[in-house]
Amino acid sequence: MVKWLLATMALSLPALAHAGGPRDHAEQARDRQELRQDARELRDDRLDLRQMETLLSRYDSARGRYARRDLQRVEEELRAYVASELSESRRELAQDKQEARSSAREVRHDGYRRDDRQDHRDDVRDVRQEARALQQTRAIAQELNGLYGRMDSGSVTRKRMLIADLVQLARAEQSRNRQELREDRREAREDSRWY
């Protein structure tokens with residue numbers, strides 16, 4: 001009888017250690033919040049990409065017609081877009097850093113769980129990618145600032161190339177956020193199975 005009781009307790013301890021509790025609910029709530037945030041960011045990324053593709057198309061059209069006023073309008077919209085994108089990138093980088101700190105705490109708490117270590121690696125990678133994208137956007141913004149208002153052939157051509165670079169950055173961001181959504185869905189599934 002005593003052996004049976006000890007065996008039952010020994011087998012149930014791991015399950016009890018990971019049974020539902022306040023941390024479990026908080027982690028699941030955090031997973032749901034991250035999924036909602038990922039969906040919002042993906043929607044925003046689609047809009048950003050569409051906006052940049054439209055700006056590039058309008059720029060090409062105005063450039064082909066030598067329509068100076070239309071080029072200036074596109075430049076004004078481009079300036080607003082770049083300022084908005086820089087602000088958004090800084091905010092997303094701060095959020096990614098917060099997620100990396102949070103996942104580091106999880107690793108310290110549940111360091112033996114392989115999925116926590118993987119989640120932390122993913123979060124650190126996200127921070128690096130977002131920082132790189134912010135740096136690229138800053139470089140483009142800085143170069144564009146020196147070109148705004150200039151209508152010589154070389155400046156117009158260079159601005160077109162920089163707009164195309166922004167389109168590529170928007171595509172890359174959309175791709176990164178799709179990957180992030182997949183990772184967060186995987187993490188939510190793992191967390192729901194674990195607890």
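This is a tour of a predicted model, one selection at a time.

**The whole chain**

Start with the protein chain shown as a cartoon. It holds five helices and zero strands. Followed from the N terminus on, the order of elements is α-α-α-α-α. The chain has 195 residues, and 41% of them count as buried.

**The nonpolar core**

Next, select M52, L78, V82, L144 and L166 and show their side chains. These five belong to the largest nonpolar core, a set of 30 residues, and they touch the most other members of it. Now colour α2, α3 (68-109), α4 (114-147) and α5, the elements that each give two or more residues to this core. Which element provides the largest share of the core? That is α3, with eight residues. As a general point, nonpolar side chains tend to be buried together in soluble globular proteins.

**D31 and D184**

Select D31, which lies in helix α2. Is D31 buried or exposed? Its relative accessibility is 5%, and buried means under 20%, so D31 counts as buried. Add D184 to the selection. In sequence, D31 and D184 are 153 residues apart, yet from C-alpha to C-alpha the distance in space is 7.0 Å.

**Salt bridges**

The count of salt bridges comes to 12. Three pairs and one network are visited here.

Select R160 and D60. They form a salt bridge in which the closest N and O atoms are 2.9 Å apart. This pair links distant parts of the chain, since R160 is in helix α5 and D60 in helix α2, 100 residues apart. R160 has a relative accessible area of 24% and is partly exposed. D60, at 28% relative accessibility, also counts as partly exposed.

Move to E143 and R158. Their side chains meet in a salt bridge, with 2.5 Å from N to O. Here, too, distant parts of the chain are linked: E143 sits in helix α4 and R158 in helix α5, and 15 residues separate them in sequence. E143 is partly exposed at 32% relative accessibility, and R158 is partly exposed with a relative accessible area of 26%.

Then select D70 and R65. Between them is a salt bridge whose closest N and O atoms lie 3.0 Å apart. R65 has a relative accessibility of 48% and counts as partly exposed. The cut-off for exposed is over 50%, so R65 does not reach that class.

For the network, select D122, R125, D126, E183 and R186 together. Salt bridges link these five residues.

**The positive patch**

Finally, switch to a surface view and select R32, R36, R40, R43, R46, R50, R178 and R182. Together they form a positive surface patch. Which helices each supply at least two residues of the patch? They are α2 (22-65) and α5 (153-194). The most comes from α2, which gives six residues.

Select R46 alone to end the tour. This member of the patch is found in helix α2. Its relative accessibility is 36%, so R46 counts as partly exposed. Residues of a patch need over 30% relative accessible area, and R46 therefore passes that cut-off. For contrast, select D31 again: it lies in helix α2 as well, but counts as buried at 5%.

Technical notes: Residues are numbered from 1 along each chain as its sequence is written. This is a predicted model: local features need pLDDT of at least 70, side-chain atom pairs count only at pLDDT 80 or more; totals for chains, interfaces and linings use all residues. Side-chain values use heavy atoms; hydrogens and water are left out. Patches are made of residues with over 30% relative accessible area and no salt bridge: like charges are joined within 9 Å, nonpolar side chains (Val, Leu, Ile, Met, Phe, Trp, Tyr) within 5 Å. Accessible areas come from the Shrake-Rupley method with a 1.4 Å probe; for residues, only the protein chains shown count as cover. A salt bridge is a side-chain nitrogen of Lys or Arg within 4 Å of a carboxyl oxygen of Asp or Glu. Lys and Arg count as positive and Asp and Glu as negative; His and the chain ends are not counted. The place of a charge is taken as NZ of Lys, CZ of Arg, CG of Asp or CD of Glu. Helices (H or I, at least four residues) and strands (E, at least two) are DSSP runs, numbered from the N terminus. Buried means under 20% relative accessible area, exposed over 50%, partly exposed in between (1.4 Å probe, protein chains only). A nonpolar core is a set of buried Ala, Val, Leu, Ile, Met, Phe, Trp, Tyr and Cys residues joined through side-chain atoms within 4.5 Å.
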